[in-house]
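Colleague: Before I use this model at the bench, I would like the labels explained. Please give the cut-off behind each one.

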Amino acid sequence: MVVQPNGTGWIEVICGPMFSGKTEELIRRLRRAEIAKQKVQVFKPAIDRRYSESEVVSHSDQRTRAVPVDTASRVLELVQGDADVVAIDEAQFFDASIVAVCDRLATAGRRVLVAGLDTDYRSEPFDPMPQLMARAEYVTKLLAICVRCGNPANRSLRVSGGQDRVEVGATDRYEAVCRRCHRDAYTA
Ligand code: ADP
Ligand code: ZN
């Protein structure tokens with residue numbers, strides 16, 4: 001971002017597959033905002049209890065405090081009047097109303113940081129991320145490393161579990177893979 005918006009809020013989306021560094025990038029941006037003496041507030045879906053109830057934790061064990069919420073509308077209820085930066089991790093776990101919530105916060109002057117999976121384990125767009133990406137001023141798409149061949153990886157392959165779209169897990173259930181290895185896993 002060369003020219004920083006002035007006098008308005010905006011939405012930044014950080015997306016990619018699992019293990020691509022979305023949470024690390026979110027935490028990096030939050031730390032820099034704190035260094036700039038901005039007030040930050042972080043939310044996460046209550047369904048994601050993998051590592052901590054009250055923190056956002058990256059796979060490299062970087063962490064920051066976060067408020068768990070059950071629904072998108074709770075974000076609006078809990079957001080503090082003086083929060084300059086509102087961050088939401090694992091946004092794909094929220095219902096469609098998270099889009100209007102982020103839009104409203106940004107229009108009201110907040111910087112909104114949203115991180116989440118852009119595709120599900122079948123590599124289909126993972127609502128509501130596409131809607132957030134379309135409305136955002138800035139979109140950063142990250143890639144992981146394919147654990148099968150070393151290529152850049154844009155897919156999250158489910159290696160155990162069922163067929164529900166939402167099944168929370170980490171290396172126990174998912175592998176970051178490239179396009180080719182994802183296809184090979186399904187045709188094997
Ligand atoms: P995300 O939020 O996208 O799931 P995280 O920010 O939690 O990602 O974790 C990123 C970190 O995960 C990397 O810096 C690296 O230490 C670790 N990691 C584990 N497996 C992989 C992989 N296959 N590709 C890239 N990074 C990986
Ligand atoms: Zn591969």
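Modeller: The labels are taken in turn below, starting with the metal site.

Modeller: This is a predicted model, in which local features need pLDDT of at least 70 and side-chain atom pairs count only at pLDDT 80 or more, while totals for chains, interfaces and linings use all residues. Residues are numbered from 1 along each chain as its sequence is written, chains are lettered from A and ligands numbered from 1 in the order in which they are written, and side-chain values use heavy atoms, with hydrogens and water left out.

Colleague: What makes a residue a protein donor of the zinc ion (ligand 2)?

Modeller: A donor is an N, O or S atom within 2.8 Å of the metal (3.2 Å for Na, K and Ca); water is not among the atoms, so sites may look incomplete. The SG atoms of Cys146, Cys149, Cys178 and Cys181 lie 2.3 to 2.4 Å from the zinc ion, so they count as donors. Along the chain, their spacing is C-x2-C-x28-C-x2-C. Cysteine 149, in the loop between β9 (144–145) and β10 (152–153), and cysteine 181, in helix α5 (residues 179–187), are 32 residues apart and link distant parts of the chain. Helices (H or I, at least four residues) and strands (E, at least two) are DSSP runs, numbered from the N terminus.

Colleague: Why is the site of the zinc ion (ligand 2) called tetrahedral?

Modeller: Four donors count as tetrahedral if all angles lie between 85 and 135 degrees. The angles among the four donor atoms here are 105 to 120°, so the label applies.

Colleague: Why is cysteine 181 called buried, and what is cysteine 149 called?

Modeller: Buried means under 20% relative accessible area, exposed over 50%, and partly exposed in between (1.4 Å probe, protein chains only). Cysteine 181 has 9%, so it is buried. Cysteine 149 has 33% and is therefore partly exposed.

Colleague: How do you know that lysine 141 and aspartate 118 form a salt bridge?

Modeller: A salt bridge is a side-chain nitrogen of Lys or Arg within 4 Å of a carboxyl oxygen of Asp or Glu. The closest N and O atoms of lysine 141 and aspartate 118 are 3.1 Å apart, so the pair qualifies. Lysine 141 is in strand β8 (residues 138–141) and aspartate 118 in the loop between β7 and α4 (129–135), 23 residues apart. Lysine 141 is exposed at 57%, whereas aspartate 118 is buried at 6%.

Colleague: What about glutamate 167 and arginine 158?

Modeller: Their closest N and O atoms are 3.8 Å apart, so this is also a salt bridge. Glutamate 167 has 13% relative accessibility and so counts as buried; arginine 158, at 10%, counts as buried too. A search of the whole structure finds 15 salt bridges.

Colleague: What makes arginine 110 a residue with no salt bridge?

Modeller: The nearest side chain of opposite charge, aspartate 82, is 6.3 Å away, so the distance fails the cut-off for a salt bridge. For charge, Lys and Arg count as positive and Asp and Glu as negative; His and the chain ends are not counted. Arginine 110 is buried and sits in the loop between α3 (97–107) and β7 (111–117). Among the residues that arginine 110 touches are Trp10, Asp82 and Leu105, where contact means heavy atoms within 4.5 Å.

Methods. Four donors count as tetrahedral if all angles lie between 85 and 135 degrees; four count as square planar and six as octahedral if opposite donors are over 155 degrees apart and all others between 65 and 115; anything else is irregular. Lists of a residue's contacts leave out its neighbours within four places in sequence.
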